[in-house]
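This report describes how the parts of one protein chain are arranged in space. Please look at the sequence and the structure before reading on.

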Amino acid sequence: MAAASAVACRSLISRASRCAAGLIAGGLFVDPFVRRAGLERAAWISATSVVAGLAVFTLLHGAGYVFVAAALVLVAAGLRVAGVVAGVNVLRGLPPERTTIGVALTDTATEVTSGAGIAVTCTILAALFTGTITAPHWSAAQTAQFDGAVTVAGLTLTTAAAALVGWALLRTRRAATPSAPPRSAGASGQPAHASGPSRNG
C-alpha cells in the first residue's frame, strides 16, 4: 500500500512539474505574440483557440490521449493570451491610482468563471453518472455513463464559450461602427428649408 502511494505521489509530482514547466515556457511567448498581433487580433485568436480546444476535447476525447493533449494545449494557450489581453485592456482604461482595483477585478473574474465551469461540469457528471465515481471498478454501464456525461458537459461549455465569444464580437463591431453625422445646417445657421425668405401674398 505504501509503495503504491509513493508511486502515485511521484507520478503526480512529475505531472505537476511538467505542467509548471509548460506554463513557464509558454509565458515566454505570450508577450511577443501579443505585441506582434495586436490586442484586438490576439483577443480573437485566443478566444477561438479556447473554443476550438473545448470542441476537440468534446468530440475526440475518446479517440486517444493525443487529441486530449491537443485540446489542453489549445485551451491553455488561449487562456494565457486572453488573460494578458483582458488585463491590459482593464488597466489601460483606468486611472493610475485605480490599477490595483482593476487587477483585483480581473483576478476575481478569472476565479469566478473557472468555478462556474467546474460547477457546471460536476453537476452534469453527478446527474448522469450512477453510483460512486471514486469506486475502484466501474461497470460497463457506468463507463458509458461517464463518457456520455463528459460529452454533454463538453458540449455545454463549448456552446457557452462560443456564445460569449459571438456576443463579444457583436458588441465590438457595434462599438467600432461610427454613428451617423448630424444633419448640416444652412449658411445662416437655419435648416435648409427655412433659409430663404417667405413670400407674402
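Helices α3 and α4 are roughly antiparallel to each other, because the angle between them is about 150° and angles over 145 degrees count as roughly antiparallel. Their axes lie 9 Å apart, and the crossing of α3 and α4 is right-handed. On the α3 side, the residues that take part are Gly 87, Val 90 and Leu 91. They meet Thr 99, Gly 102, Val 103 and Thr 106 of α4. Sorted by class, the contact of α3 with α4 contains 3 nonpolar residues, 4 polar residues and no charged ones.

The model is a predicted one, and it should be read as such.

**Overall make-up**

The protein has 5 helices and 0 strands. Followed along the sequence, the pattern is α-α-α-α-α. The protein contains 201 residues, and 16% of them are buried. Of the contacts with a separation of 6 or more, 61% are between residues 24 or more positions apart.

**The packing of α2 and α3**

Helix α3 also packs with α2, which covers residues 39-60. The angle in this pair is about 150°, and the axes are 7 Å apart. Since that angle is over the cut-off of 145 degrees, α2 is roughly antiparallel to α3. Helix α2 passes α3 in a left-handed crossing. The contact of α2 with α3 is made up of 19 nonpolar residues, 5 polar residues and 1 charged residue.

**The largest nonpolar core**

Which residues make up the largest nonpolar core? The core has 6 residues in all: Val 30, Val 34, Ala 37, Ala 42, Val 81 and Val 85. Two helices, α1 (2-37) and α3 (65-92), each supply at least two residues of this core. Helix α1 gives the most, with 3 residues. Val 85, one of the core residues, touches Val 34, Leu 39, Ala 42 and Ala 43 when residues up to four places away in sequence are not counted.

**Three residues and their distant partners**

Three residues show how positions that are separated along the chain can be placed in space. The table gives each pair with the C-alpha to C-alpha distance.

| Pair | Separation in sequence | C-alpha distance |
|---|---|---|
| Asp 31 and Val 81 | 50 residues | 8.3 Å |
| Gly 117 and Ala 160 | 43 residues | 9.8 Å |
| Val 51 and Ala 163 | 112 residues | 9.8 Å |

Asp 31 is part of helix α1. Is Asp 31 buried or partly exposed? Its relative accessibility is 41%, so Asp 31 counts as partly exposed, given that this class lies between 20% and 50%. Its partner in the table, Val 81, belongs to the largest nonpolar core.

Gly 117 sits in helix α4, which runs over residues 99-128. The relative accessible area of Gly 117 is 19%. Buried means under 20%, and therefore Gly 117 is buried.

Val 51 has its place in helix α2. Val 51 counts as buried because its relative accessibility is 17%, which is under the 20% limit. What does Val 51 contact, leaving aside its neighbours within four places in sequence? The residues in contact with Val 51 are Thr 158, Ala 161, Ala 162 and Val 165.

**Summary**

Helix α3 is roughly antiparallel to α2 and also to α4. The crossing with α2 is left-handed, whereas the crossing with α4 is right-handed. Helix α3 also supplies at least two residues of the largest nonpolar core. Of the three residues looked at in turn, Gly 117 is buried, Val 51 is buried and Asp 31 is partly exposed.

Note on methods. Residues are numbered from 1 along each chain as its sequence is written. This is a predicted model: local features need pLDDT of at least 70, side-chain atom pairs count only at pLDDT 80 or more; totals for chains, interfaces and linings use all residues. Side-chain values use heavy atoms; hydrogens and water are left out. Helices (H or I, at least four residues) and strands (E, at least two) are DSSP runs, numbered from the N terminus. Buried means under 20% relative accessible area, exposed over 50%, partly exposed in between (1.4 Å probe, protein chains only). A nonpolar core is a set of buried Ala, Val, Leu, Ile, Met, Phe, Trp, Tyr and Cys residues joined through side-chain atoms within 4.5 Å. Contact means heavy atoms within 4.5 Å. Axes are lines fitted to C-alpha atoms, for helices over the stretch in contact, and angles run from 0 to 180 degrees between N-to-C directions. Angles under 35 degrees count as roughly parallel, over 145 as roughly antiparallel, 65 to 115 as roughly perpendicular and the rest as oblique. A crossing is left-handed if the near helix is turned anticlockwise from the far one by less than a right angle, and right-handed if clockwise. Ala, Val, Leu, Ile, Met, Phe, Trp, Tyr, Cys and Pro count as nonpolar, Asp, Glu, Lys and Arg as charged, and the others, Gly among them, as polar.
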